[in-house]
2 protein chains.
Amino acid sequence: MNVVFWGKEFLRLKESLEKAMKGHEVIIADPEDGAGALSSAEILVVRPVTVDGKMLRGAPSLRLVQQWGAGAEGIDLDACTERGVFACNVPSIGTGNAEGVAEIAFLHMLLLAKRFFRAQEKLREGKVYTPPGVALWGKKACVIGLGNVGRSIAARMKAFGMNVVGVNRTSPSDCSGWGIDSYVPLDKIGEGVKGARFVVVSLALGPGTEGIIGDSVFRAMERDGFFINVARGPVVDRQALEKALDGGLIAGAGLDVLWEEPHRPDDPLLTNPKVVITPHIGGVNDASFEGVLGFIAGNVERIAGGKTPLSCLNEKEMGRGRP
Amino acid sequence: MNVVFWGKEFLRLKESLEKAMKGHEVIIADPEDGAGALSSAEILVVRPVTVDGKMLRGAPSLRLVQQWGAGAEGIDLDACTERGVFACNVPSIGTGNAEGVAEIAFLHMLLLAKRFFRAQEKLREGKVYTPPGVALWGKKACVIGLGNVGRSIAARMKAFGMNVVGVNRTSPSDCSGWGIDSYVPLDKIGEGVKGARFVVVSLALGPGTEGIIGDSVFRAMERDGFFINVARGPVVDRQALEKALDGGLIAGAGLDVLWEEPHRPDDPLLTNPKVVITPHIGGVNDASFEGVLGFIAGNVERIAGGKTPLSCLNEKEMGRGRP
């Protein structure tokens, strides 16, 4: 198969990709100048980018659009189905992906709560036992979105002795295994975050969730609260977040995702002292790399062998369209 | 009572200390020039410093040496008993102390595993999805010292999906509640850390543990391993650690404690790119502050009321010496 990896970020993985896709042709394409690669692509592997009808028309041999990771909100599933192209993601749990994102959520919570940058200043001044931080232990935390990532976060929060409120569109059939103390439906989100010292967003991006984290959420949080986003930038209303930070509605924000990725190096949030940012590294770790790569290699083989790929997002629709 | 807080670090807590010790005289003394304060002290509250016979002779009215926190290794208990002075610490669990130290251990593990400083560089360069980090999930971790802090760390590691080996002087009577997968006695420490990607030390400092973490420990750890110390600096052989870092035996170290505290601002470890340091802030948080202060205020009242103080380290010996 002709397997096109869409994005320059894949360049540094070249050797591993070729090893995993042995027997297939691996091409790493720069989206700025990728029309040529697209025209012969049979499998297209993408990071979170837009894959729409226009793009698909440039790829007449395409049989599978494969998300590198779980969040496939950029793929136009209808357009794929229309052209007879499978669209797949990689399940996040058990591959190091959801677990890694949960770990990044904790890194952000701890960086903010322990005032890490201030601690580094104090260290340089030769000071000790300062600055005083905030214990996670005993605090109210709210996790918005209880998919694989959200549940991984909630379970870890529980072990840290936090009081965990889970906010989700659908009610968990069995809360006990999710490690949450209470559940609030997504349409009452303000109730869920009320008085929370830590709010972590792990909500899939979609038409119903774009900008869902806005003014009312920040108003309902505890003053001195910390807001963490490990989902996708656009689930948060950027202006509302900036206003909440500037106006002192919350004490800080930790963001592993931004509204534009790659971000502009001159984005003012990068130098906002109340904000900690990491460059979308939640799912980027040794375990998830092996897990994701192995899963995708399996799907390439399945397509090559004429089988339906796994974790297919338009499987039913594709089935209906078949002769 | 005349309550002397020993150390300039207490100055910024003055208001809270006075409020908690209402009805008593609160004095904050600079150890450099504290002889006057000592001479009238009835209760002496200390950070981890040396309290020996010589110091006690300068405090003829003293009735209690009260550690601010759990680790009271600096207090000469025999000298206290000899002079009829109670020596107490503050139990670490349930006061936010052990929990806070466990949180700092995780901050260090995550900073190292996720290559936080490198991520900040990448961010400034406008890069995304890089650097790749290490998942805690699925890794072997070894916790050395299973007191309140060690057990708090082990329980959190378990929730992060780590494979946890506990090393302790005495065998746990019931491992299951401690969240460890296996137990290795302290005299076989090399066996416990063998192949561990993360090693966290949470061992009380004493004659038997000074310098116990040496060359053989670093040699037994996984290459690419991360070493974290949240106990006391001197449990680690500093030269061995520096050699292990320089020689590539381990990938990095996270230290909340140093050999000298306060440290010298020109300590070369502060600028070693493989090392992350925080200024002994593990136990310094809102919850532990309230917890420790409340506990100490209670002991002040007990002494004032002629009762034996709580969490007394020389209670038996003091009892024997009584008429």
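Begin the tour at Ile144(B), which stands opposite Val201(B) in β9(B). Strands here are DSSP runs of E with at least two residues and helices are runs of H or I with at least four, numbered from the N terminus. The model is predicted: local features need pLDDT of at least 70 and side-chain atom pairs count only at pLDDT 80 or more, while totals for chains, interfaces and linings use all residues. Residues are numbered from 1 along each chain as its sequence is written, and chains are lettered from A and ligands numbered from 1 in the order in which they are written.

**Stop 1: the seven-stranded sheet of chain B**

Select strand β6 (residues 140-144) and strand β9 (residues 198-201) of chain B, which run parallel and are joined by four bridges. Two strands are taken as paired if DSSP finds at least two bridges between them. Along this pair, Cys142(B) faces Val199(B) of β9(B). On to β10(B): four bridges link β9(B) to β10(B), again in parallel, and Phe226(B) in β10(B) is the bridge partner of Phe198(B).

Stay on β9(B) and colour its residues by burial, where buried means 20 or more other C-beta atoms within 10 Å of a residue's own, exposed means 12 or fewer, and partly exposed lies in between, with C-beta atoms placed from the backbone. In a regular strand the side chains alternate between the two faces of the sheet. In β9(B), Phe198(B) and Val200(B) on one side and Val199(B) and Val201(B) on the other are all buried, so that both faces are covered.

Now widen the selection to the whole sheet. This open sheet of chain B has seven strands in the order β8-β7-β6-β9-β10-β11-β12, with parallel pairing. The edges are held by β8 (182-185) and β12 (275-277) of chain B; each has a single partner strand, so one side of each is left without a neighbour in the sheet. Neighbouring strands are turned by 15° against each other on average, direction ignored. Such angles run from 0 to 180 degrees between N-to-C directions, with axes fitted as lines to C-alpha atoms, for helices over the stretch in contact.

Add helix α5 (residues 97-113) of chain B, which packs on this sheet and touches β9, β10 (226-229), β11 (252-255) and β12 of chain B. Contact between two residues means that their C-beta atoms, placed from the backbone, lie within 7 Å. The direction of α5(B) makes about 155° with that of β10(B).

**Stop 2: the five-stranded sheet of chain A**

Move to chain A, where an open sheet of five strands follows the order β2-β1-β3-β4-β5, with parallel pairing. Its edge strands, β2 (25-29) and β5 (86-88) of chain A, each pair on one side only. The twist from one strand to the next averages 20°.

Within this sheet, pick β1 (residues 2-6) and β3 (residues 43-46) of chain A, a parallel pair joined by four bridges. Val3(A) has Ile43(A) as its bridge partner in β3(A). Helix α11(A) lies across β1, β3, β4 (64-67) and β5 of chain A, at about 170° to β4(A).

Centre the view on Phe5(A), in strand β1 of chain A. Is Phe5(A) buried or exposed? Phe5(A) is buried, with 26 other C-beta atoms within 10 Å. Beyond residues up to four places away in sequence, Phe5(A) touches Phe10(A), Leu17(A), Val26(A), Ile28(A), Ala29(A) and Val45(A). Measure next to Leu44(A): its C-alpha is 6.0 Å from that of Phe5(A), although the two are 39 residues apart in sequence.

**Stop 3: the two domains of chain A**

Colour chain A by its domain assignment, whose bounds come from an automatic or database source: domain 1 (2-92 + 285-320) and domain 2 (97-277). The C-alpha centres of the two domains lie 31 Å apart. Eleven residues of domain 1 are in contact with nine of domain 2 in chain A.

**Stop 4: the contact between the chains**

Finally, show both chains together. The contact takes 49 residues from chain A and 49 residues from chain B. On the chain A side, the elements giving two or more residues are α5 (97-113), α6 (116-124), α7 (148-159) and α11 (286-304). Of these, α5(A) gives the most, with seven residues.
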